[in-house]
Amino acid sequence: MATQSKHAFVASAADNSITGRIAFIRQMQTDLRTRPVTGSLGVLKKFVYKAVRSAFCRQFNVNSATVDLVEALYRETEGHASPSRAPVAVPFVPSVVNQTLAANNAVAFSTGEVLASCGQTQDQAKLNNIRPLDGFNSVYTSPAEMRMPERVALYSLIFGMQPRNCLEIGTFRGGSSAIICGAMNDTGYGQLACVDPIPKIEPQLWSQLSNRCRLFEGPSPDILTDVAKQVNEPFDFALIDANHTYDAVRRDIAGVLPYLADQAYLLFHDANYPDVRRAIDESVASCSQLTDCGLMSVEPTVLYENGQNVTWAGLRLLKYQRPVRKAKAA
Ligand SMILES: C[S@@+](CC[C@H](N)C(=O)[O-])C[C@H]1O[C@@H](n2cnc3c(N)ncnc32)[C@H](O)[C@@H]1O
């Protein structure tokens with residue numbers, strides 16, 4: 001890694017164009033951040049650095065922001081903005097701490113370029129397709145009945161696994177649908193069938209989801225045959241977050257299995273809730289095609305109900321693998 005950076009440094013220094021100079025400055029910054037203090041005056045240098053560190057860091061951040069700004073302007077004027085960055089949107093950042101963060105990194109957040117300067121050269125960032133994710137805003141803004149780790153995990157699973165055809169049993173206000181669609185928008189891939197007998201989605205939210213979502217008003221599992229027929233493809237991902245009684249969860253699982261792709265994933269919300277947990281455990285035990293991948297988020301919600309503490313929340317993932325059919329002997 002160190003050798004690679006050095007080469008990039010030398011190459012950039014020789015390039016006198018604006019992009020070359022920006023790359024050169026970025027490389028110097030990276031070098032400055034990571035270079036160890038060595039030499040006979042090492043101890044003294046460390047001491048001086050410690051004394052002036054806060055001023056140095058402030059100046060360093062101002063300089064980085066300036067380079068970001070110059071580069072953003074340069075890209076704008078040259079029309080170099082990548083399609084995935086237009087329109088540029090600053091993510092919704094709710095807390096005071098995050099607002100401070102956003103203010104410090106305002107340019108960086110809006111251009112995404114700081115990602116490249118955080119220990120990665122521009123080339124490495126490009127290679128790894130480091131980019132701003134506008135759909136990730138849904139993690140903050142969606143009306144999902146989900147905790148923060150669940151939101152992030154749901155977004156990440158969809159963003160990472162890129163399922164083609166998703167099913168959601170239990171949509172309510174469209175919160176989890178919004179996160180799923182946000183991730184799909186960021187991959188540019190996928191569609192979602194939402195099943196709920198009494199959905200309560202605000203029209204404004206629905207207008208943002210309807211390019212990827214179809215809503216089926218009715219109860220699972222009764223309408224699943226019809227849903228599968230209408231979307232015309234097997235599901236490779238299903239979120240089950242509907243009726244949380246033991247019987248209902250078992251019915252939802254049994255009901256969805258025939259409509260799954262040869263390999264698919266089932267994700268359960270409120271998997272910490274005792275009825276849901278038992279239904280999942282027993283379904284896994286009785287179906288060899290299901291493998292338990294465990295909890296994707298462990299943070300619980302504990303509510304005092306009927307004189308006792310009851311644990312809710314928790315996302316749990318199961319993998320479904322259809323057995324390979326043996327060819328009939330001639
Ligand atoms: C906990 S909410 C879903 C929340 C949503 N997944 C979210 O995180 O934003 C449960 C929803 O399941 C729905 N529901 C109940 N029984 C159902 C069934 N048999 N099939 C589909 N949905 C059902 C309810 O109407 C309710 O809207």
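Setting aside neighbours within four places in sequence, Leu260 touches Pro234, Phe235 and Tyr320 in this predicted model. Leu260 sits in strand β5, which covers residues 260–269. With 22 other C-beta atoms within 10 Å, Leu260 counts as buried, because the cut-off for that label is 20 or more. There is also a long-range pairing worth a look: Cys166 lies 94 residues away from Leu260 along the chain, yet their C-alpha atoms are 9.7 Å apart.

Zooming out, the chain has 330 residues, of which 32% are buried. Its secondary structure adds up to 14 helices and 9 strands. Of the contacts with a separation of 6 or more, 70% link residues that are 24 or more positions apart.

Then there is the ligand. Its surroundings consist of 19 residues, with Gly170, Phe172, Gly175, Ser220 and Ala242 being the closest. Sorted by class, this shell splits into 9 nonpolar, 6 polar and 4 charged residues.

As for confidence, the mean pLDDT comes out at 79, and 67% of the residues get to 70 or more. Residues 1–13 fall below 50, and this stretch makes 14 contacts in the model beyond near neighbours in sequence. Residues 80–111 are also below 50, with 34 contacts counted on that basis. Where pLDDT is low, the predicted coordinates are not something to read in detail.

Key. Residues numbered from 1 in each chain as written. Predicted model: local features only at pLDDT ≥ 70, side-chain atom pairs only at ≥ 80, totals over all residues. pLDDT = per-residue confidence, 0-100. Contact = placed C-beta atoms within 7 Å. Near = placed C-beta within 6 Å. Nonpolar A, V, L, I, M, F, W, Y, C, P; charged D, E, K, R; others polar. Helix = DSSP H or I, 4+ residues; strand = E, 2+ residues; numbered from the N terminus. Buried ≥ 20, exposed ≤ 12 C-beta atoms within 10 Å, placed from the backbone.
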